[in-house]
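Hi,

Here is the structure I promised to pass on to you. Have a look at it first, and then read my notes below.

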Amino acid sequence: MKDVHVPRPGETLSDAILQHLKYSLGKDAAHATTTDWRMALSLAIRDRIVDPWFASTRATYAKQGKRVYYLSMEFLIGRLLEDATVNLGLMDEVAEFFDDRSLDARMVMQDEPDAALGNGGLGRLAACFLESMSTVGCPAYGYGIRYEHGLFKQSFEGGRQMEAPEDWLTEAHAWEFERPESSYRIGFGGAVKVLGNRTVWQPEETVLARAYDMPMIGWQGRWANTLRLWSARPETVFDLDRFNAGDYYGAAEPEALARTISRVLYPDDTTEEGKRLRLKQEFFFTAASLRDILRRFEDEYDDWSILPSKVAIQLNDTHPAIAGPELVRLLHDEKGMDFDAAVEAARGCLGYTNHTLLPEALERWSIELMRSLLPRHLQIIERIDAAHAAAHPDRKVVLIGDGDVQMGPIAFTMAHRVNGVSALHTGLMKETVFAELNRLHPNRIVNETNGITPRRWVLAANPRLSGLITEAIGDGWVDDLEELMQLEPMADDAQFRDEYAAAKRANKVDLANYLGQQGLAVDPDAMFDVQIKRIHEYKRQHLNILQTIALWQEIKDDPKGDWVPQVKVFGGKAAPGYVFAKEIIFLINAVAEVINNDPDTSHLLKVAYPANYNVTLAERLIPAAEVSQQISTAGKEASGTGNMKFALNGALTIGTLDGANVEIRELVGADNFFLFGMTAQEVVARRQIDDHAAKAIAEAPRLKRAMDAIASGTFGERFASITENVSGDDYFCVASDFADYWRASRDLEVAYRDQADWTRMAVLNTARSGWFSSDRTIRGYMSDIWGAEALSV
Ligand SMILES: *Cc1c(COP(=O)(O)O)cnc(C)c1O
């Protein structure tokens with residue numbers, strides 16, 4: 001889009017919107033569509049970001065400070081317009097502008113496509129980090145891939161998940177600036193030649209990586225960083241010889257092949273398929289980012305040995321772990337640095353964040369694949385491996401073993417700091433996946449518990465609660481979230497509690513209306529219980545639905561009983577190839593169909609499963625939630641961030657001692673958290689018991705009855721794969737945790753009956769969760785890992 005409008009000093013936002021509508025979009029206000037208004041608003045807001053953006057860049061150059069580069073395969077950014085408007089403090093002005101024209105500002109903002117360039121928590125964390133790095137004034141770039149198609153769109157057909165391609169780029173949006181001048185040639189395959197005393201990689205195939213920049217504005221527009229996404233292009237657009245010979249398809253082939261690299265997001269966040277394309281994607285964006293980083297360094301300095309004092313590169317999981325070998329290759333082969341010095345310099349720059357202990361999620365690539373795509377990197381990895389072996393003769397860990405190149409150990413050995421994402425996870429990392437490397441490199445592993453940005457997840461998503469908080473304690477909490485502590489005494493103030501409860505109820509009414517529009521009537525006075533996250537066995541949505549079935553059966557036994565009416569809300573996508581997870585979705589929808597239409601119970605229990613869970617839906621559901629389901633098998637959820645969003649928004653957690661749940665419980669207080677289930681150690685011990693699931697089912701008649709109902713066809717299909725899994729191997733210990741989960745669920749209901757006390761606990765959750773701001777997490781990375789200083793303009 002050509003932006004022909006130049007904002008004049010002193011021009012009002014209102015004028016700017018109208019000018020853009022007319023001159024940038026060529027539309028008359030009388031005939032403008034919602035999308036026209038949204039684009040005009042976006043361009044007007046964008047104009048106001050550009051100056052702070054440039055000022056931040058200038059300040060960074062002037063201070064010659066250290067820059068942070070955050071490399072991530074995923075950025076689950078969602079919509080940006082509301083975020084930017086809120087951060088610039090322009091929300092009221094925008095609302096007024098649209099009010100005056102009988103339009104709804106929120107509706108205009110909701111017209112924006114949700115950029116789902118990520119699968120779940122890992123990608124959302126990267127997006128929160130970008131916002132926080134700008135808010136705290138940390139000079140930083142995010143680097144990732146400009147996927148043409150983000151995470152698929154989910155719908156349900158007969159209760160089963162359907163997947164359609166997501167196409168955020170085909171809809172108008174205002175946030176990216178194409179940078180044709182920032183293009184790099186990225187190679188694959190080919191041969192390694194020794195020319196004199198230099199080793200040179202001569203790739204066989206090359207594609208161009210072209211940069212697209214998005215400004216990321218921090219709170220109050222004080223600082224703005226850049227998210228730079230790479231798009232793959234062919235070096236030659238098409239083959240004229242083949243075209244002239246009449247081979248029209250063949251002529252377009254180079255273009256199609258190159259573009260494949262940035263075509264789609266891999267639709268899974270835990271299992272890695274050994275696909276050539278995936279490795280190509282990883283190398284493509286990592287190599288382009290490193291070239292860009294070194295180019296920027298070279299513009300300012302001429303001494304490679306100071307690289308680690310100017311450059312910090314964070315690897316979000318092992319996906320960009322090829323950065324270690326590639327940086328060594330660039331410094332040694334291309335810049336002429338001594339090999340060992342290049343390894344030291346690379347290590348001085350690199351940090352690695354581990355996100356999971358699930359062994360199938362630690363990436364490894366076959367030696368053959370690595371040799372065919374990245375022959376020089378394989379040599380470099382071998383040399384680093386040999387040096388590591390020489391330095392540690394008693395080591396057992398290898399970088400290349402079992403026929404595979406092991407990306408976890410490579411990331412670990414090439415990073416000066418390795419971090420886990422919650423206290424529990426970091427401890428388990430030291431004891432399990434990286435026990436050996438931790439012994440060889442003590443003090444390399446540090447913990448940085450995840451966080452979330454309060455601007456998006458409280459201020460923008462929950463205006464009612466935000467307004468109440470600001471009225472009570474001022475607005476300092478927005479960028480100093482621990483100020484929420486000042487709310488603590490108000491938990492005992494009946495009037496404050498009433499206002500807090502009224503805000504929650506109004507959010508519930510909004511959600512009830514939304515669900516109503518989708519055809520499901522729910523009572524806004526029922527308890528709203530929410531489990532939203534990727535569908536995965538370890539997250540145990542099947543434990544939740546089994547408990548729901550058992551509850552339904554008890555209500556049916558005694559429909560006149562004194563029950564707490566509740567709405568069980570589920571949300572989440574399953575990876576398209578993950579058959580068991582898709583079966584769980586089918587079961588939840590099948591159970592919903594029966595329960596929601598049962599005249600004996602439907603006023604007491606409803607199951608809602610709105611399709612296509614994404615950031616936008618999360619922003620709708622979380623402010624209305626009263627119960628937060630965080631029920632993963634202990635030891636499996638590295639941190640979670642959904643759990644933090646809920647606690648801040650005043651939902652009480654029912655959860656296991658897993659990930660950051662542990663820290664949430666410590667901070668909000670054990671009395672304000674509904675704990676159940678085995679600890680990570682107990683889970684490991686439990687699995688050693690023969691028939692642990694069968695034994696648990698024998699001791700839990702309610703579970704048996706729920707499973708029997710499924711098996712007898714109460715919900716249509718019989719879902720044998722699920723019942724057989726839970727009663728058989730049951731690796732995720734659904735059966736063994738069921739009885740205690742049932743108990744905790746009933747405790748929740750008892751607590752919910754005392755609304756004053758419930759609200760007191762909710763207020764305490766909000767007041768005591770301020771530590772989970774991603775500003776705190778970023779400051780931790782800056783001091784413990786990056787050695788970077790905050791700047792301001
Ligand atoms: C926060 C968030 C997640 C992560 O949720 P967990 O419960 O921590 O797994 C995933 N997807 C979206 C859209 C989110 O906003």
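What follows is a short tour of the domains, the ligand site and a few of the strands.

One thing to keep in mind from the start: this is a predicted model.

Let's begin with the overall layout. The domain assignment splits the chain into three parts: domain 1 (1-62 + 100-112), domain 2 (64-78 + 114-179 + 210-229 + 272-446) and domain 3 (510-770). Taken over C-alpha atoms, the centres of domain 1 and domain 2 are 34 Å apart. Where these two touch, domain 1 puts in 16 residues and domain 2 puts in 24 residues.

Now for the ligand. Where does it lie relative to the domains? Its shell draws residues from both domain 2 and domain 3, so the ligand lies between them. There are 16 residues around the ligand, and Lys533, Lys539, Thr641, Gly642 and Lys645 come nearest. By type, the shell has six nonpolar, six polar and four charged residues. If you want to find your way by helices, look at α6 (121-136), α23 (615-621) and α24 (642-648), since each of them supplies at least two residues of that shell.

Three lysines are worth zooming in on. Lys533 has a side-chain N or O atom 2.7 Å from an oxygen atom of the ligand. For Lys539, a polar side-chain atom sits 2.8 Å from a ligand oxygen. With Lys645, the distance from a side-chain N or O atom to an oxygen of the ligand is 2.6 Å. And how much of the ligand does the protein bury? On its own the ligand would expose 390 Å², and the protein buries 95% of that.

On to the sheets. One open sheet has six strands in the order β21-β20-β19-β22-β23-β24, and the pairing is parallel. Its edge strands, each paired on one side only, are β21 (605-608) and β24 (674-675). Inside the sheet, β19 (residues 527-532) and β22 (residues 627-630) run parallel and are joined by two bridges. If you'd like a pair to click on, Val530 has Ser628 in β22 as its bridge partner.

There is also an open sheet of three strands, this one antiparallel, in the order β14-β16-β15. Here β14 (364-366) and β15 (400-401) are the edges, each pairing on one side only. Three bridges link β14 to β16 (residues 404-406) in the antiparallel sense. Among the residues involved, Trp365 is partnered with Val405 in β16.

Last, a hairpin. Strands β5 (residues 153-157) and β6 (residues 160-164) run antiparallel and are joined by five bridges. Ser155 stands opposite Met162 in β6. What is in the turn of this hairpin? Two residues lie between β5 and β6, and Gly158 in the turn has a positive phi of about 60 degrees.

If you only have a minute, I'd go to the ligand and the three lysines, Lys533, Lys539 and Lys645.

Cheers

Technical notes: Residues are numbered from 1 along each chain as its sequence is written. This is a predicted model: local features need pLDDT of at least 70, side-chain atom pairs count only at pLDDT 80 or more; totals for chains, interfaces and linings use all residues. Side-chain values use heavy atoms; hydrogens and water are left out. A residue is near a molecule or strand if one of its heavy atoms lies within 4 Å of it. A polar contact is a pair of N or O atoms within 3.5 Å; within protein, one must be able to donate a hydrogen and the other to accept it, and residues adjacent in sequence count only if both atoms are side-chain atoms. Accessible areas come from the Shrake-Rupley method with a 1.4 Å probe; for residues, only the protein chains shown count as cover. Helices (H or I, at least four residues) and strands (E, at least two) are DSSP runs, numbered from the N terminus. Ala, Val, Leu, Ile, Met, Phe, Trp, Tyr, Cys and Pro count as nonpolar, Asp, Glu, Lys and Arg as charged, and the others, Gly among them, as polar. Domain bounds come from an automatic or database domain assignment. Two strands pair if DSSP finds at least two bridges between them. Contact means heavy atoms within 4.5 Å.
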